[in-house]
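Subject: A structure for you to explore

Hello,

I am handing over the structure we talked about, and I hope you enjoy looking through it. Please open it next to this email, and then read on for what was found.

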Amino acid sequence: MVRHHENTVLPVGEHDITDGGPDMVQFVDGDGNRLSTNAANEPYAGIVEAMTPDDARALYRDLALVRRIDAEGHALQRQGELGLWPSLLGQEAAQVGAGRAMRPQDYAFPGYREHGVAWCRDVPPENLLGMFRGVNNGGWDSGEHNFHLYTIVIGNQMLHATGYAMGLQRDGVVGTGDPDRDAAVMAFTGDGGTAQGDYNEALVFADVANAPVVFFVQNNQWAISEPNHKQFRIPPYQRARGFGFPGVRVDGNDVLAVYAVAKTALDAARAGQGPTLIEAFTYRMGAHTTSDDPTKYRIATEIDIWREKDPIKRMRGFMETKGYADPQFFEDIDAEADELAARIRKAAQEMPDPELPTMFDHIYADPHPLVERERADFVAYHESFEAEAN
């Protein structure tokens, strides 16, 4: 055993990945039962109580359709239509809750697994497939959706987000009191990203600049094949204190709790109160990507435990208990999901391959002689095959 500061005792070589502890903000349990108000969730209870049955139905629809988008991406990769797919299975509530807490003028900086946030930012799901099919570098206009392109370099987006947030300060759109003008930034990463230098540097800059940015860490317990105890001894939300701003742990499988916590943090950022770190305590039910085999490093009982905490199961249970939806509602959502899946599948199969020389476009703002020579050599190389065939 190792004894840490503040008398916290953690076992070496083991990690409790099922219990978020007493500090975790949660409103709905695994069966959909509404939990009573306690010290952890009381600051956010007003937001949840103000939500309507329509709000609940909209969130459930988001969860169900995002899961279907993810399932279709996985299936397309297995069918050879995509080169890779990073699944978000199990993390739908974390992403939908955070994404729906954002206002239109807010800006999101994702990693590469944030398909649910993309959905909330109105990025057409078909556009998520292009990069993984190898036909474009992103597939959507980040300025139109206030949703940055996916970032493959782990943690890199955290610095981008902090810099953008500092730019919002200089643009005078923070702390004005105008809800249609004030803006904030939300940066998404996983628990593995917290070990990167870029992540920690971003938190330093954000604090000293009092930047309007919310760092959203999806703690899905595994950084590819590495468990949390090999990355940190202090949970991510507690580490925020060392940088000088608040940290909150929320049940990442409870969409109501995530929404309430994210809304509170974003409101504070827009008002000029600086950054917040949110740790969404969740679990990656699938593989890290379709090139990964999680059976080599984790046990099946882990998945069984977390399956009982499924975000869609608990939201449906909550709605049924409250009488917010009838069986026809859920059947209609399933039918809509089928239509969405067919649309995505058709779009993926019909995506045109790009013209080969376009990979040299937009490398520099102005023409560059070295790039132009490389483009010419590349074109000549491929034309040589055509000449041989003739």
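How many aromatic pairs does the structure hold? It holds 19. Please keep in mind that this is a predicted model.

**Aromatic rings**

A pair of aromatic rings is described by the distance of the centres and the angle of the planes. Take tryptophan 140 and tyrosine 150: their ring centres are 5.2 Å apart and their planes make an angle of 80°, an edge-to-face pair. The two residues are 10 residues apart in the chain. You will find tryptophan 140 in the loop between helix H5 (129–133) and helix H6 (142–145), while tyrosine 150 sits in the loop between H6 and H7.

Are these two residues buried or exposed? Tryptophan 140 has a relative accessibility of 9%, so it counts as buried. Tyrosine 150 is buried too, with a relative accessible area of 8%.

For another edge-to-face pair, go to phenylalanine 318 and tyrosine 324, where the planes are at 80° and the centres 5.9 Å apart. Phenylalanine 318 is buried, at 7% relative accessible area.

Now return to tryptophan 140 and tyrosine 150. Ring pairs join both of them with Trp85, Phe132 and Phe147 in a cluster.

Histidine 115, in helix H4, touches some members of that cluster. Apart from neighbours within four places in sequence, histidine 115 is in contact with Trp85, Phe132 and Tyr150, and also with Asp70, Pro86, Leu88, Gln95 and Leu128. Histidine 115 counts as buried, at 1% relative accessibility.

**Two helix pairs**

Next, try finding helix H7 (residues 156–170) and helix H8 (residues 197–209). Their axes are 7 Å apart, and the helices pack at an angle of about 15°. That angle makes H7 roughly parallel to H8, and the crossing is left-handed. On the H7 side, the contact is made by Asn156, Met158, Leu159, Thr162, Met166 and Gln169. H8 brings Asp198, Tyr199, Glu201, Ala202, Phe205, Ala206 and Ala209. Sorted by type, the residues of this contact are eight nonpolar, three polar and two charged.

The other pair is helix H2 (residues 53–78) with helix H13 (residues 327–349). Here the axes come within 9 Å and cross at roughly 35°, in a right-handed crossing. Among the H2 residues in the contact are Arg57, Tyr60, Ala64, Ile69 and Leu76. From H13, the contact includes Phe329, Phe330, Ile333, Leu340, Ile344 and Ala348. How many residues of this contact are polar? There are no polar ones: the contact divides into 13 nonpolar and seven charged residues.

**A proline beside the second pair**

Proline 125 is in the loop between H4 and H5, and it is buried, with a relative accessible area of 3%. Which residues does proline 125 touch, leaving aside neighbours within four places in sequence? They are Ile69, Trp119, Leu340, Arg343 and Ile344. Three of these names, Ile69, Leu340 and Ile344, also appear in the contact of H2 with H13. Arginine 343 is 218 residues away from proline 125 in sequence, yet the C-alpha atoms of the two are 9.4 Å apart.

**Backbone angles and loops**

Aspartate 122 has a positive phi of about 65°, although it is not a glycine. This residue, too, is in the loop between helix H4 (115–120) and H5. Is aspartate 122 buried or exposed? Its relative accessibility is 57%, and because exposed means over 50%, aspartate 122 counts as exposed.

Glutamine 221 is not a glycine either, and its phi is positive at about 80°. It lies in the loop between strand E5 (213–219) and strand E6 (222–223). In contrast to aspartate 122, glutamine 221 is buried, with a relative accessible area of 1%.

Last comes glycine 193, in the loop between strand E4 (185–190) and H8. It counts as buried, at 3% relative accessibility. Not counting residues up to four places away in sequence, glycine 193 touches Ile154 and Tyr199; Tyr199 is also one of the H8 residues in the contact with H7. From glycine 193 to glutamine 221 there are 28 residues along the chain, and their C-alpha atoms are separated by 12 Å.

Happy exploring, and do write back with any questions!

Best wishes

Key:
Residues numbered from 1 in each chain as written. Predicted model: local features only at pLDDT ≥ 70, side-chain atom pairs only at ≥ 80, totals over all residues. Heavy atoms only, no water. Axes fitted to C-alpha atoms, helices over the stretch in contact; angles between N-to-C directions. Helix = DSSP H or I, 4+ residues; strand = E, 2+ residues; numbered from the N terminus. Parallel < 35°, antiparallel > 145°, perpendicular 65-115°, else oblique. Left-handed = near helix turned anticlockwise from the far one by under 90°. Contact = heavy atoms within 4.5 Å. Nonpolar A, V, L, I, M, F, W, Y, C, P; charged D, E, K, R; others polar. Phe/Tyr/Trp six-rings, centres within 6.5 Å; stacked < 30°, edge-to-face > 60°. Buried < 20%, exposed > 50% of the residue type's maximum accessible area, 1.4 Å probe, protein only.
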